[in-house]
Amino acid sequence: MGRSSTLLLKTLLLVIFLLPLLAPYHLAVLSNEFDLSPLPVDFLFGTASSSYQYEGAYKSDGKGLSNWDNFTHGPGRSRILDGSNGDIADDHYNRYLEDIDLMEALGVNSYRLSISWARILPKGRLGEVNNAGIEFYNRQIDALLLKGIQPFVTLSHYDIPQELEDRYESWLSPQSREDFAFYADICFKTFGDKVKYWVTFNEPNNLVSLGLPFRFISPLPLLWPISIG
């Protein structure tokens, strides 16, 4: 490599190294120099969560066990490195009003939450609707709307009642379609007058490619035996 080529390579490496360091300064200069247009009035800017990761209260007020509750309990069953679980999580079930106050303080106007299927239908379509679960989500949605925060509701974020796992291996059976349709219909009828935005499944691509075959992100039945250590 000639001297000019070596010099050019060193210059490029220096630029690559310095760019991340200079970027914040560059943006600051731009923001001071130009009057950046504000976001549109109807732009929705928010935060997000999922029921298992945030709610806790995994056996409170009639909630049934989910596949994640089952997956994270018992010797040698948990794939969580430190052995933790979502029994309490962020205690959102008991502290949702505080969390909504934090959202308001952040200035967000939307919040993506997921409903715990097992909190609404602990036994699936063959069991009773858990009214305490309905009341919890009604209170949460009402509190969000009171603060001017638009709820985005996801029906399934990797969790499913353990009852359906035990009965027919959940998503591996066509029966899951009937159970999901029954559950979705209850949610639409119960919360539909308040919730404008719905999501059926969180990241279905990951559920299919990583959850079912390898159980990397979801404790579903394996499509084939495999050990991930």
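## Exercises on a predicted model

**Exercise 1.** Classify E169, whose relative accessibility is 46%, as buried, partly exposed or exposed.

*Solution.* E169 counts as partly exposed because its value is 46%, where buried means under 20% relative accessible area, exposed means over 50%, and partly exposed lies in between (1.4 Å probe, protein chains only). The model is predicted, so local features need pLDDT of at least 70 and side-chain atom pairs count only at pLDDT 80 or more, while totals for chains, interfaces and linings use all residues. Residues are numbered from 1 along each chain as its sequence is written, and side-chain values use heavy atoms, with hydrogens and water left out.

**Exercise 2.** Locate E169 and A89, and describe the phi angle of each residue.

*Solution.* Begin with E169, which lies in the loop between helix 7 (162-168) and helix 8; helices (H or I, at least four residues) and strands (E, at least two) are DSSP runs, numbered from the N terminus. The phi of E169 is near 65 degrees, a positive value in a residue other than glycine. Next take A89, placed in the loop between helix 3 (67-71) and helix 4, where its phi is near 50 degrees, again positive in a residue other than glycine. A89 counts as partly exposed, at 34% relative accessibility.

**Exercise 3.** Check the span of helix 6 against its number of residues, and find what its buried residues pack against.

*Solution.* The expected span of a helix is 1.5 Å times one less than its number of residues. Helix 6 (residues 131-146) has 16 residues, so it should span 22 Å, and its end C-alpha atoms are indeed 22 Å apart, which agrees. Its buried residues, among them G133, F136, Y137 and L144, pack against several elements, including helix 4 (92-106), strand 3 (150-156) and helix 8 (175-191). Just after helix 6, G148 takes a positive phi of about 75 degrees.

**Exercise 4.** Describe the aromatic pairs that F136 forms with Y96 and with Y137.

*Solution.* Rings of Phe, Tyr and Trp (its six-membered ring) pair if their centres lie within 6.5 Å; planes under 30 degrees apart count as stacked, over 60 as edge-to-face and the rest as tilted. The structure holds 15 such pairs. In one of them, Y96 and F136 are 5.7 Å apart centre to centre with 90 degrees between the planes, which is edge-to-face. Y96 lies in helix 4 and F136 in helix 6, so this pair ties together parts that are 40 residues apart in sequence. F136 also pairs edge-to-face with Y137, at 4.8 Å centre to centre and 65 degrees between the planes. Both F136 and Y137 are buried, and Y93, Y96, F136, Y137 and F191 form one aromatic cluster.

**Exercise 5.** Decide whether S116 is buried or exposed, and find which residues it touches.

*Solution.* S116 lies in the loop between strand 2 and helix 5, and it counts as buried because its relative accessibility is 2%. Contact means heavy atoms within 4.5 Å. Not counting residues up to four places away in sequence, S116 touches S51, E55, K63, Y137, D159 and Y183.
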